[in-house]
Structures are given as C-alpha cells and as structure tokens.
Amino acid sequence: MKKILFAFVVLAFVLAACSPAATENPAQPASTEAPAQPAATDAPKPTEAPAVDPNTPVMGGTVIVGTPQEPGTLSPLLSSATIDDVINAFIVEGLVTMDGDGKYAPVLAEELPTASEDGLTVTYKLKKDIKFSNGDPFTCADVQFTYEAIVSDLSGASTSGYSDIEKIECPDDYTAVVTFAEVYAPFMRLFAFIVPKGAGDLTKLDTWEYNRAPIGTGPWMVSEWAAGDHITLVKNPNYREEGKPYLDSVIVKILPSRETGVQLLGTGEITVLWDLTEADIPTIEKLDGVGWSGALYGYGENELLVLNFGANDGSAPADPSKAPHFALSDLRVRQALQYGIDKQTIVDNLLGGNVKVGTTVLPAGQWACPQPASEYNVEKAKALLDEAGWVVGADGIREKDGIKLSLKISTTTGNQLREQTEQVLVEMLKEIGIDLVIDNVPSDVLFASWDSDGMRKKGRFDILLYTTGGGIDPDSHLFGNYHSARIPTAENEGAGNNYSRYINADVDALIDDAAFNPDQGARREAYCKAAEQINKDLPRIFLYERMVISGYREQLQNFRVSPGYADLTLDSQNWWLKP
Amino acid sequence: MRISTISEFSGFRTLREESLFRFFWLRFRKHSMALVGTTIITIIIFMVAFAPLLTPYDAFKQDLKHRLQAPSAEHWMGTDDLGRDLWTRILYGGRISLSVGLTAMAISIIFGSLIGLTSGYYGGWVDSILMRITEIFLSIPRLFVLIAMGMFLRSLDLPSLQAGSFLPISIVIGALSWMGTARLVRASTLELRDREFVQASRALGAHDARTLFQHIFPNVASPIIVSATLGLAGAIISESGLSYLGFGVQLPTPTWGNMLSNTQNQMLTAPWTAIFPGLMIFIVVIAINYLGDGLRDALDPRHIVGKK
Amino acid sequence: MITYLLRRLLQSLLTLLVISMILFGLISSVPGGIMSAYQENPDFTPEDLARLEAKYGLNDPAPVRYLKWLGNSLQGDFGNSFTSKRPALLEIADRLPNTMLLMGVTLIATLLIAIPLGILSALKQYTWFDHISTTIAFAGQSLPVFWFGLLLIIIFAVTLKGADGRPWLPGSGMATLGKPFSLVDRIEHLILPVSMLAFVSAAGYMRYLRSSMLDVIHEDYVRTARAKGLRERVVIYRHALRNALIPLVTLIGLDLPSLFGGALFTETIFAWPGIGRLYFTAALKTDYPVVMAVLIIYSALIILSNLLVDVVYAALDPRIRLS
C-alpha cells in the first residue's frame, strides 16, 4: 500500500514537473484572438468534477526532507547543532514553544504559565490524556524528570534558568509548581522540551537508546536511522490529535550539499530542503512546482562585519585603547569602510534583491528600531581616510608611517555566498585605497573557544564576516555583543561575544537599565537608543538581513517556516500532499 | 664522472658530455608522446607567463551584471560567479598552480634526496632510523592526514605569509610526498657506495659531503629527475584536491584547484565553470606524465626503448 | 620465518604507536572542537561550560589526554563521538559495510578492466590497440579524481535524461528512498561512484601489468617453454601470466591507501554514507575521537597490508628469502 502510494506521489511530482513546460505558451495566442468564446465554454468545467473539496487533506504519503547536515543526536539533552534540534522537534514537544508569529504558545501546557507576585513561583497547568509514543501517560512527574535530566552531570543542555530552580512540586498529576531560588525573568523559555521519565537512567544518559529514537508526544517517532544516509520517521500511534498526522512517514535524507538538494527538489526526489540562503531564491523560483518559505529568525539577524578595535596580535586587551588596532581603532577609518561598501549592490547582485540591506542591530519584531540606511559615498570615504592620515601610496594602497592599510577579512570556508561577498568587498575597498586580504578558516577554527586559542575570542583578526542577531529577548544579544563587560579576556576566561572590544559607557548604561526595567516601553526606548549609538560608533557594519529559508514542493500543504529554532517542523501533523 | 670539473676548466663541452646528451636525446625522441607532452608543457608555460598578452581582461575585475555567463565570443570560456573572465583566471591561476606544483615537488625532492643519500651512504643505525621514519610517513593515510594538516595550517596565524600565499599548501604537499624519492635514492646510493670510484674518493681522504655530492649524487640523478617529474604531476593533482575540499590558496587569487572548489554548487547552472579548470589540470598532468615516461625510458638504461 | 614475522609485527606496532602520537599531536593542536558550539550560545552559563569541558575530557593538557586516549584505545575504546555521543567505533562500524561494498566492487571492476587490457596490450605491443589502451591508461592516471566525479554527475545524473524526464543515473546516495531494497536499485547507485574510482585506479594496474608482462615474456623460462614447442596459449597463460600477476598482489596491497583516499572523494561527492564521508565531516567539526579512530584504523590497515604483501610475495616467489 505504502509502495503504491509512494509511486503515485512520485508520479505526481514527475507529471507536475513536466506539465507546465508542455502547456506553457501555446494557449496564449489563441485566447487573445477570441477572448470571449473560450471563457464561456470553459466556465462550467469545474463543477463537472466530483464534489470533493480539493482542500480536504489527503491521507498517507511520504515527505522527504533533505538536509546537507546529519543530526548528531536527537536527544534535546545532548544536541549541539541546529540540525539536531530541527529534526528532534518532529518528535519532541515542550510545555511552551514559539509559534509561527514568534510568540510564546502553550503546547503540553494548558495555557501559558503564570508567575506569582514575587516572581519566585511559576505554575504550569498541564494538558490531560496525553500519551508518549511508547504509551506512557504524560504527567507532572515527567516535568520533574526533565528538570533533573537537564541539571544532571552528563547533560549537554544549557542550565541557565534551570540552575535557579529550587524545587518542582506536583500537587496533582496535571499541575507543576516551579519554585525559583531567585527571580528568573525569561522563565517563559524554560521547558521547551519534555523528556519522559521512562527515557532511562540519568547516570547513563550518554548511551540511552532515547538519543537515537526519542520518546515524545509529537506527531512522529523514529523507525530507522541509517547512519550517514537517512532517518525514517513514522506516525506516533498515540498522537493526541485524532487522525493526524495525515502523512504516513517523513524521511530525513542526508545530502552531499545544498546544491544537490536544489537539484533533487527540482526533480521531486525530495519534498523539502532545509536551510537555503537568500542567494538560492532565484534558482528555487525558476523550478516548476517549487516554492520557498522564509522567516526572520527571532528579532532579526544580520550578515555583518565585526571590526576589531584592539591589537590583532592575540593579546586580547580588556581595554583596546591600551593596545589599539593600527587602523580600525580610528572611528574615521570605520566610517570610511561603511561609506565605501555598496550594500545595495551586494543585495541586488549576490542575493537577487530578495533581502533588505542591514541598517540596525534590531531590525524586526516587537523590539524593532528602524534606522536610516547607510550612505554609499566613495568621496566621503576617501576624504575621511585622508583626514585620518592614511594617504595613497605608489601602489594605490593607503599608508601611514610606513604601514600599509591592509586588513584581513575572515569567514568560514566553503560558504560560497560569504566568499563571494568577501571578494566583492575586496574590489569595493580597493576603490578607496584599502587592501582587503581574504583569510578564511573552517568554521570550527573561526568559532573556536578561548581555551583552544580561538582567533575570534583572542582577537587575532581585523575583520570577521558572519551572521548573528537578537534571539528571544534583545537582552542577551545586546548585552553579550555590545556591553564592555562581555569583552573576552583572560580574566573572564573568554566569556562574552563583544569581539570588537567595543566600550561605550552610555551603551553599557542603556543595556543595564533595560535589563532591569519592568516597563516594556522604557526598555524598548533604551534598546533603541543603544542601537542608534552603536550605529554611530560602528563596532560592526550590518551588510544585509538574514532569513531562515526552506524550499518545498508546492504539493505539500501547510508547510511554513517559523522564526524559532525548530524552524521546519511547525504543524507537521497538518502536512499533506495535494495529488 | 668528473665531467663537470673538466668542463669548468676547458670551457667546452667535453666529448663525453656531448655524447651523453646525444645518447639521451636519441632515446628520448623515440618516445613520440613524450615529445608531444614536452611541447604542450612548453606552450602552457609560455601562455601562463605571457598571460597579459593573451587576454584583454583583468583576472580580479568583477562584473556583477554578467555573472555566470555561458561561453561566448566575448568570453570564450564564459564568466565565473562574480563575472570574471574564466579564460583570464585560468591563465593567471596556472601561474599559482604550477608554482605550487614546483615548490611542493622541490621540497619533496630535496628532502627525499637528502634522507636517501644519508641513509644509503652511512647505513647502520642512521639508515635504520631514517627508514623507520620513512615507513611511518608511508603508513599514514595521506589524503586523510592532508585534511587534518589543512585544518591545522588554517588555524595558524603566520604574519610573514600573505593570506593568498601558496607556500603553506606547497609545504603540506611536499612534506607528505618525499618518501618515494628517499627510498629510490637510498637504494641507488647503497649500490654505489661500494663501487671503486667511490671507495677511491674515500681512500683519498675526501670529505663525506664531497664524496656524496660529487660522486654519488650525479649517479643517482636519473631516478631523481624521473621521480621529480612524476612528483610534479602528483603535486598539481594534490593541490586541486585540497583546494576542492577548501584547504587551498585563498580567494580571490585563482588556482586551477580553488576555481573548482565551489563548482559543485554551480554545475547545474554553469557547468563550464567546472569543466575548464579541471580540463587544464588534466592536460598539464597528462603532458607531464608523458614527459616523465619519456625521461624514464631515456635515462634508465635497463628500460627497453621501443623500436619503431 | 616465525622470528621474521614476530620482528616485523613488533616493528609495525612501534610504527603505529609513533603514528598515533604524531597524529594526536597534530589534531589536538587544531582549535575548535565541541566546546565552540556551546560557547557560541549565550544561554550556556560558565558552569555549564566547565561541566561540559570535563565531560568531554578537554580540561587536561594534551600529553595527559594522549595517554588516556592510548590507554582506552588499547582496550578497544576509541572514545565517543562529540557530535553523536556514540562510540567512535560504532560510528565507523555503521558505515564500514558501505565503504567495503564500494571498495570491493571498485576493486573487482578495476581488475576486470586492467587485467585483460594489460595482457592484451603487452601481447600486442606497439599495435593500435596497445597505443589506444596505453593512452587511456595515461589519461586515467592524470585525471583529478573528484573532477572526474563531477563530470560524471553533470553528464549522467543531470544532463542526460530518459523519456520520463529523470536523469539516467542517480547522482547521490546508495538507494532510492521510500522504495524497498532492490539489487537493481543498488547497482544503479553504484555505477557512477564505481566508474569514477575504477577508471582512475585501473589505469595504474594496467600499465603495471603491461610492463611486467613484457618483462616476463622476455625471460628465459618463457623462451624455453616456447622452444619446447608448447602452444602459445599455454606459454602465455601457464607460464607468463602467472609470473606477471605476482607483482599485482603487491600493487593491490600497496594501493590500499590511495583506494581509501579515492573513496574519501567519492563518498563526499556522491553522498555515499561511508567512512570517507564520516571522516571528512568529523574533521571539519573537529570531532577528535572519530578523526583519530579513522586515522589509526587506516594506518593499521596500511601497515598490515604491507606486511601481508611481503609475506605473500615471499610465498609466491621462491627467489625471495626472508631474513
């Protein structure tokens, strides 16, 4: 049965892929000659069809999700890569999640949790009659177990928030009362996944069978994992929504590359392709029967340049003014860089005009703080560099006191779009007399930790190119990336992401104020002021806004990319294939 | 075998040198494919050296309005992902690719010869140790370790080296390909060590280094030349492979290898970007291999040269 | 013979030990590793990071880590993969059959191409047949193997399409998803990766066989056989071929590393779920346990096959005495 259905689906794809090409143009001229007649005769046709609503979900079928990366584990307790969480979200659910609009929504909780007056007690009402895929009922004990698992010795999950929990009580099976030792304001983000108490012994967490085949309350469960090749998910027989999921199975297929994925999406061999870039959109739009869905992640992410204010010799100064960067410590040089980069050209040519140029650290969502786009002005750039004492040398490269204005730019190897962006930047900056030299490294080397002598943590770079942006609340991003307390140094063992070594007391104060101010309006204003000041000081240059994008065959109904981390699996129980 | 000293004084080519060369040439030219190979290499070296005369374009100048254009009269190999003329990049890329090949080959030959000579000449525990080291290097899965070394090298911050430098990759390739030469040279040295002219030189009180370089080295030159040629071909292939995997020379400096690094992304829409750089590697490598084959036939007296 | 074997085995073990030291040193000096992923996430507290570092055994200095690794691996425990948290050996074992299948079929295809071509070339020396096959062999040896793979994909998995609009051959993976296993399907998936590897490695074997066959034909015993009036077929197959095949054994043994290397490219390009691809992704993610396990196992295989070649060689060729 499954086989026939699959063959049918495949056939449908093939037909769909072929038919538009065959019927594209010939009809056009005929209709222009005699427009009225055919319209009249054609009109009754739809009603001749049997009275089945084409929008009634069709049961059965298989959706193949292609991904260039293989998940390492499906346990939310151990996941270390985005793909791990994206795939385990097919299976695992939490009490609260982020919905398609980026708002918190209850899943296994009856409603969003409420905090007590003093903020120390948070109460969850749990949904009743929910069963895990192994048949066990979901109760408050599972919430307790999840907490214990997260803070256990072998856990690989973040304990922030959980480490503030004093105890979890279960007055009855469907109420969980969480008591905090101190106030944890973003409590809403806790319990985004639930691990059933039957998962295993916490002292053997690393070797649980659960890690390869999680037991969850979601619509799917793992039936097969062929290492390096594919993971097959089948219906969870105990799923709470009657008659769902509509599909029989979802197969996660590991691909050699994103580009092979695009090809397979075109031929219909895969139904969904996870994680595209903006540059892939023109190709996707050319494919018949293929569409894409995108969302801004969290509060918006930017592809950006990180400019190093400190010396690039690995000394990692806590105060860059003590050991300044030979060129980038000068605001005029940074301004010249911003003036010398034609962001719109990058967006139009490399990204097919599908995204917006980067303007601010807070581009989207309820914290959005729109800022005017930066100006592209070669003359202003040149004037600023002249003023800063960098004069054009014999070879067209500027120099000062015998030092050439030669800057290294680094990003992750093997990312074609970033490599293209860099090469375009090289040409643009050559115009204003800056010699930009590309020095790319594998992503793990670029993002390496302080202890393993990571170049970014230790400040051994001039300019970095990568993507980052605000998450669920602007606090952690702004504090982590722009607050002077978060400059990685020997004292704080490299904690923090303020790689520019940017220090501005006003910005520090604004970020601190906003973190503790209960007035959301005032917080917003403070963040906006900080964003404005950041644009003046230019520790980073925002090139363009990034989206989370997936491509899919248009037969697939109810597919939508969401702004959360589990961007792919939203409503997968409602997916069905239109014949 | 004292050819060089005599000719230094006389300023003429000796009869012996002349006849040696003649002998070589007579044998070499019988290998018609080797001649073809030599011609092709010569042409390519000239093309690459005089690149500016052969193209009106700049290898670095981008034209974002004309990205990934199919081959046409204007760009007869088409354009790449940033609108640069592919033919021009192939010409300039050839400079780097050949330089990587030559540098890596030189490193492996110098290193291999030194180890081989020392090992074969001194024998005993020196030989044992050096040959164990050689064995160790022969026993590591080369490509796998190349990747690990590539990761390592990329993590180093070498201020003396420009980011676009081809030295790191040449060193990595050279450092992992000297073992064949070392074994070859050692075997020949072992054979020669006990020959009369070497013993005579030692008996006359010549310094070890003098004996090695004046008497032994010229006699092991033939196998070295052959393995150098084949090593060059191998190094060019290795460069392309490493670049394909992302550990090659940094962009925008073109090499035939790094021009291929992103092509898997484009091979559906712009297959020419994948075809031409690979074709160049193929042509050069096959030409060098034929040259090496001809050299072996001509230089190795044990090798039977075909009669036409 | 026994003492020789024992000595060689001991030597091999020492070699392997030194190799493991060198490789561990090289790999542990590459920054990155599992911790960078956690450090990037602002939700991870310093306590979390310290706990995880201890969990993955990364807080010891490199020599200590090496000794621990050595001690464990001598007991057959190569550590757990950082990404999947499963034993590195299990990760390899999962993919071993796939790589073995690919390499086995490739080796058979290689020999099926190389042996007849090599022999015929030698017997018909300097005919057009010889020239053409020698040229093809040269071409095979000069091809960048990954580029050849890309060309095969462009031609057979993209450009050439059947009547149903689907490409002639699949360009990735080892089975069509959603279909039950079928031999035809598996063979279809094997065609491109095997052709890519076999063409390149057959070239070397063919040239080798041709020249060793030529050598043998001119040997005294072959001439004697001919002089005895034996039929040419008998001379060739019973006397010449047997002796010409001996060096082939050596070559297969010594060629193993390059076959592994070729498999790395093949598996990466064709998404073949084998050890080569596992290694490449693990190397990029600095998943040290997996990287080390693959390197050590492959090194051991190479050393072992060298040893085996020597022994087999000695057994086959009475002129060689082991000392």
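This passage walks through a predicted model with chains A, B and C, from whole chains to interfaces, a helix pair and a few backbone details.

Chain A is a mix of both kinds of secondary structure, with 16 helices and 23 strands. Of its 579 residues, 58% are buried. As for how the chain folds back on itself, take the contacts with a separation of 6 or more: 68% of those in chain A come from residues 24 or more positions apart. The surface that chain A exposes adds up to about 22800 Å², and carbon and sulfur atoms supply 52% of that.

Chain C is another story in terms of secondary structure: twelve helices and zero strands. Read from the N terminus on, its elements simply go α-α-α-α-α-α-α-α-α-α-α-α. Along the principal axes, the C-alpha atoms of chain C take up a box of roughly 85 × 65 × 35 Å. Buried residues account for 52% of the 323 residues here. Among the contacts in chain C that link residues at least 6 apart in sequence, 71% are between residues at least 24 apart. Its accessible surface is about 14500 Å², with 68% belonging to carbon and sulfur atoms.

Next come the interfaces. Where chain B meets chain C, 42 residues of chain B touch 44 residues of chain C. About 3900 Å² is buried between chain B and chain C, and carbon and sulfur atoms carry 79% of this area. On the chain B side, Ile136(B), Phe144(B) and Met151(B) stand out, as they supply 17% of the area that chain B buries against chain C, more than any other three residues.

Chain A also sits against chain B, with 23 residues of chain A in contact with 25 residues of chain B. Here the buried area is about 2400 Å², and carbon and sulfur atoms give 50% of it. Asn349(A), Gln416(A) and Gln423(A) do the most on the chain A side: together they supply 24% of the area that chain A buries against chain B, more than any other three residues.

Within chain B, one helix pair is worth a look. Helix H5 (residues 86-122) and helix H9 (residues 179-193) of chain B have axes that come within 7 Å and cross at roughly 35°. The crossing of H5(B) and H9(B) is right-handed. H5(B) brings residues including Ser108(B), Ile109(B), Gly112(B), Ile115(B), Gly116(B) and Tyr122(B) to the contact, while H9(B) answers with residues including Thr181(B), Ala182(B), Val185(B), Arg186(B), Leu190(B) and Arg193(B). Sorted by class, the contact of H5(B) with H9(B) has eight nonpolar, eight polar and two charged residues.

The backbone has a few details of its own, starting with cis peptide bonds. One runs from Lys244(A) to Pro245(A), with omega near 0°. Pro245(A) falls in the loop between strand E9 (230-235) and strand E10 (249-254) of chain A. In chain B, a cis peptide bond joins Leu251(B) and Pro252(B), again with omega about 0°. Pro252(B) belongs to the loop between helix H11 (208-244) and helix H12 (263-266) of chain B.

Positive phi values also turn up at residues other than glycine. Phe191(A) has a phi near 55° and is a residue other than glycine. This phenylalanine is in the loop between strand E7 (175-180) and strand E8 (220-226) of chain A. Despite the loop setting, Phe191(A) is at 0% relative accessibility and so counts as buried. In chain C, Lys85(C) has a phi near 65°, likewise positive in a residue other than glycine. Lys85(C) is found in the loop between helix H4 (62-74) and helix H5 (88-123) of chain C. With a relative accessibility of 2%, under the 20% cut-off, Lys85(C) therefore counts as buried.

Back in chain A, Gln338(A) is placed in helix H9 (residues 331-340). Its relative accessible area is 14%, so Gln338(A) is buried. Leaving aside residues up to four places away in sequence, Gln338(A) touches Lys343(A), Ser374(A), Glu375(A), Leu538(A) and Ile541(A).

Notes
Residues are numbered from 1 along each chain as its sequence is written. Chains are lettered from A and ligands numbered from 1 in the order in which they are written. This is a predicted model: local features need pLDDT of at least 70, side-chain atom pairs count only at pLDDT 80 or more; totals for chains, interfaces and linings use all residues. Side-chain values use heavy atoms; hydrogens and water are left out. Helices (H or I, at least four residues) and strands (E, at least two) are DSSP runs, numbered from the N terminus. Buried means under 20% relative accessible area, exposed over 50%, partly exposed in between (1.4 Å probe, protein chains only). Contact means heavy atoms within 4.5 Å. Accessible areas come from the Shrake-Rupley method with a 1.4 Å probe; for residues, only the protein chains shown count as cover. Axes are lines fitted to C-alpha atoms, for helices over the stretch in contact, and angles run from 0 to 180 degrees between N-to-C directions. A crossing is left-handed if the near helix is turned anticlockwise from the far one by less than a right angle, and right-handed if clockwise. Ala, Val, Leu, Ile, Met, Phe, Trp, Tyr, Cys and Pro count as nonpolar, Asp, Glu, Lys and Arg as charged, and the others, Gly among them, as polar. Buried area is the accessible area (1.4 Å probe) that two parts lose on being put together, summed over both.
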